[in-house]
Amino acid sequence: MTRILIFDTDDALFKKVAERIVTTSADFISRKGRFTIALSGGSTPARLYALLATPFFEMQIDWSKWFVFWGDERHVPANSPQNNASAAIQVLLSKVSIPASQVFAVNTKQPAPEAAADYEKIISAMIPEGGLDLVLLGLGTNGHTASLFPHTQVLHNITRKVMEEYIIELDQYRISMTSHFINQANKIFFLVTGKEKSEIVSRILGDEKDKDSYPALYINPESGNLSWYLDAEAAAGI
Ligand code: 6PG
């Protein structure tokens, strides 16, 4: 099931997503004793992470039962401003009472293939069957999500959970969860804001079928549900 939720402002969007994360994590914790989430990188979710760290939301969440992963990571040092995990740790995870042993960042000190293989081992050990409870995703203007970029090998892999990929247009290795693994999640939230995303949003949510050119089209949960959280600017074309 796919839901599309449109908000007048991005503030309203992030507030709603934070509320949904509170209820979703509480639900999984009550049913399974823990909550597993893959955070997205990029700039969009930074405001959400900062909101979750505010006392109003922080106090509503049992962080001791959270297990945090990343949907993708840039193959850059942990102290690089480009590092997704470091950014989320700085804005959110260093400010809440989640045990450090339950935060799983990609070890980018290793060469990309080893970093991906080791991250995959960690995920397989922590999530031996099925998928994550919740995956947060962003959307690039070229239709990529996580680090699933157009016309890359990772798009077609249906066995791996995590893979490395050299992204030519970025001259950078990325480590990404595969769509195969992301689609095993119980819930997937796309968070997209801003007028620069309106064209790609209308294409992805419209009649576009070319998955290899627009990899966000590979995101289709096997049995879970998919929600698009859009502000009015990003939704202007739909
Ligand atoms: C990354 C992200 C990537 C991101 C999109 C949108 O590592 O960059 O995982 O998929 O979500 O590129 O990025 P913005 O939110 O910065 O527009």
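This passage walks through the ligand site, the paired strands and a few individual residues of the structure above.

The model is a predicted one, in which local features need pLDDT of at least 70, side-chain atom pairs count only at pLDDT 80 or more, and totals for chains, interfaces and linings use all residues. Residues are numbered from 1 along each chain as its sequence is written, and side-chain values use heavy atoms, with hydrogens and water left out.

The ligand makes a good place to start. There are 16 residues around the ligand, and Ser43, Thr44, Asp72, Ala146 and Lys197 come nearest; to be near here, a residue needs one of its heavy atoms within 4 Å of the molecule. This shell divides into 2 nonpolar, 10 polar and 4 charged residues. In that split, Ala, Val, Leu, Ile, Met, Phe, Trp, Tyr, Cys and Pro count as nonpolar, Asp, Glu, Lys and Arg as charged, and the others, Gly among them, as polar. Several oxygen-atom distances can be picked out as polar contacts (pairs of N or O atoms within 3.5 Å; within protein, one must be able to donate a hydrogen and the other to accept it, and residues adjacent in sequence count only if both atoms are side-chain atoms). A polar backbone atom of Ala146 sits 2.6 Å from a ligand oxygen, while Ser40 places a polar side-chain atom 3.5 Å from an oxygen atom of the ligand. For Lys197, a polar side-chain atom is 2.7 Å from an oxygen atom of the ligand. On its own the ligand has 420 Å² of accessible area, and the protein covers 87% of it. Such areas come from the Shrake-Rupley method with a 1.4 Å probe, and for residues only the protein chains shown count as cover.

Next come the strands. Helices (H or I, at least four residues) and strands (E, at least two) are DSSP runs, numbered from the N terminus. Two strands pair if DSSP finds at least two bridges between them. Strand S5 covers residues 134-137. It pairs with strand S2 (residues 35-39) in the parallel sense over 2 bridges, and Ile37 stands opposite Leu134 of S5. S5 also runs parallel to strand S8 (residues 187-192), joined to it by 4 bridges. Here Val135 has Ile188 as its bridge partner, and Leu136 has Phe189. S8 in turn pairs with strand S9 (residues 225-231), again in the parallel sense, over 6 bridges; Val192 is matched with Leu230 of S9.

How covered are these strands? In S5, Leu134 and Leu136 on one side and Val135 and Leu137 on the other are all buried, where buried means under 20% relative accessible area, exposed over 50% and partly exposed in between (1.4 Å probe, protein chains only). S8 is largely enclosed by the rest of the structure, because 6 of its 6 residues are buried. From S8, Lys187, Phe189 and Leu191 point one way, and Ile188, Phe190 and Val192 point the other way.

Just ahead of S5, Asp133 belongs to the loop between H5 and S5. Asp133 counts as buried because its relative accessibility is 2%. A polar atom of the Asp133 side chain lies 2.8 Å from the backbone nitrogen of Thr36. Leaving aside neighbours within four places in sequence, Asp133 is in contact (heavy atoms within 4.5 Å) with residues including Phe35, Thr36, Asn186 and Lys187.

Phe67 is part of strand S3 (residues 66-70). Phe67 is buried, because its relative accessible area is 15%. Residues up to four places away in sequence aside, Phe67 touches Arg34, Phe35, Thr36, Ile37, Gln102, Phe104 and Met126. Its C-alpha atom is 8.6 Å from that of Ser101, although the two are 34 residues apart along the chain.

Lys65 occupies the loop between helix H3 (55-58) and S3. Its 31% relative accessibility is why Lys65 counts as partly exposed. Phe35 is 30 residues away in sequence, yet the C-alpha atoms of Lys65 and Phe35 are 6.1 Å apart. Beyond four places in sequence, Lys65 touches Ile29, Gly33, Arg34, Phe35 and Gln102.

Last comes Thr108, found in the loop between helix H4 (84-91) and helix H5 (112-126). Thr108 is buried, because its relative accessible area is 11%. With residues up to four places away in sequence not counted, Thr108 touches Glu73, Arg74, His75, Val76, Pro77, Ala78 and Asn83.
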